[in-house]
Amino acid sequence: MRTSGRLGLLTALVTVAGIGAQTAPQAAYATYWSGGMPSASFSIRTFSYNDTWQTPLTAAISNWNGTPTPAAIGTLSNSPNTLSVTSYADTWYGLFTSTGSRNSSRTFSIKLNTTTIVRDATNWNNMVTRVFGHELGHGLSLVDNPSTSSASIMKYESWNTLVKPTTYDIDDVNAIY
């Protein structure tokens, strides 16, 4: 990974615990992260970027909603959950930060770093779709899993090619919700 391994770096009141490796061909073991949303159905504030960004961002939401999971991600103009696409000096592609209690007042923000995405994208649409899809995976209570031998949208590789949640990711979401 060219980004120092901090794609899912969390800076809020939550911590990532239980990161573990899995050897194939075992079933997914629910790489659960307590910083995610209490339900697989949540919204993000309506966002409007130019078509270069809007199309792959919308695809990331559609990719999760199209899985055989309870994922139902929508956009609402008054959602407390936000997306920001801007340039940051940091080395990460995306950042998911949650605050509040998982049981009652959980909200999140997602930041996408245009500096690193522009620098490393060899397939623009795929890269943006993948990074946003990865961050939405955190909203679905998935932890980063860079050590798994399985293909996963939560893994730190294939940024320009793997754009949809895999069977591994789907099994994990279904085990959590």
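These are legends for several close-up views of one predicted protein model.

A word on the ground rules: this model is predicted, so local features need a pLDDT of at least 70 and side-chain atom pairs count only at pLDDT 80 or more, while totals for chains, interfaces and linings use all residues. Residues are numbered from 1 along each chain as its sequence is written, and side-chain values use heavy atoms, with hydrogens and water left out.

**View 1. The whole chain comes to four helices and five strands.**
Helices (H or I, at least four residues) and strands (E, at least two) are DSSP runs, numbered from the N terminus. Read along the sequence, the pattern goes β-α-β-β-β-β-α-α-α. Of the 177 residues, 49% count as buried; buried means under 20% relative accessible area, exposed over 50%, and partly exposed in between, with a 1.4 Å probe and protein chains only. The accessible surface is about 7,700 Å², and carbon and sulfur atoms hold 51% of that. Those areas come from the Shrake-Rupley method with a 1.4 Å probe, and for residues only the protein chains shown count as cover. Take the contacts with a separation of 6 or more: 72% of them join residues 24 or more positions apart. Contact here means heavy atoms within 4.5 Å.

**View 2. Confidence varies along the chain, and residues 1-28 stay under 50 in pLDDT.**
pLDDT is the predictor's confidence in each residue, from 0 to 100. The chain has a mean of 85, and 83% of its residues reach 70 or more. Among the elements, strand S5 (residues 107-113) has the highest mean, 98, and helix H4 the lowest, 95. For residues 1-28, the model has 64 contacts beyond four places in sequence.

**View 3. Strand S5 pairs with S4 in the antiparallel sense and with S3 in the parallel sense.**
Two strands pair if DSSP finds at least two bridges between them. The S4 and S5 pairing runs over six bridges, and the one between S3 and S5 over five. To find your way on the S4 side, look for Phe 96 opposite Ile 110, and for Thr 99 with its bridge partner Thr 107. On the S3 side, Thr 82 stands opposite Ser 109. Strand S4 (residues 94-99) is mostly covered, with five of its six residues buried. In a regular strand the side chains alternate between the two faces of the sheet.

**View 4. Ser 79 sits in the loop between strand S2 (72-76) and strand S3 (82-86).**
Is this loop residue buried or exposed? Ser 79 is buried, at 2% relative accessible area. Leaving out residues up to four places away in sequence, Ser 79 touches Ser 43, Ile 44 and Arg 45. Ser 79 and Ile 44 are 35 residues apart along the chain, yet their C-alpha atoms are separated by 5.5 Å.

**View 5. Thr 116 lies in helix H2 (residues 114-120).**
With a relative accessible area of 1%, Thr 116 is buried. Which residues does Thr 116 contact, leaving aside neighbours within four places in sequence? They are Asp 90, Thr 91, Trp 92 and Tyr 93.

**View 6. Two salt bridges turn up in the model.**
The rule asks for a side-chain nitrogen of Lys or Arg within 4 Å of a carboxyl oxygen of Asp or Glu. One of them joins Arg 119 and Asp 120 at 2.8 Å, N to O. Arg 119 is partly exposed at 47%, whereas Asp 120 is buried at 3%. Another joins Lys 155 and Glu 157 at 3.7 Å, N to O. In this pair Lys 155 is buried, at 8%, and Glu 157 is partly exposed, at 41%.

**View 7. Helix H3 (residues 124-139) has a length that agrees with expectation.**
At 1.5 Å a residue, its 16 residues should span 22 Å, and the end C-alpha atoms are 23 Å apart. The expected span is 1.5 Å times one less than the number of residues. H3 is mostly covered: 13 of the 16 residues are buried. After H3 comes Ser 141, with a positive phi near 70°.

**View 8. Helix H4 (residues 167-176) has buried residues that helix H1 (51-65) helps to cover.**
The buried residues of H4 are Tyr 168, Asp 169, Ile 170, Asp 172 and Val 173. An α-helix has 3.6 residues a turn, so residues three or four places apart point the same way.
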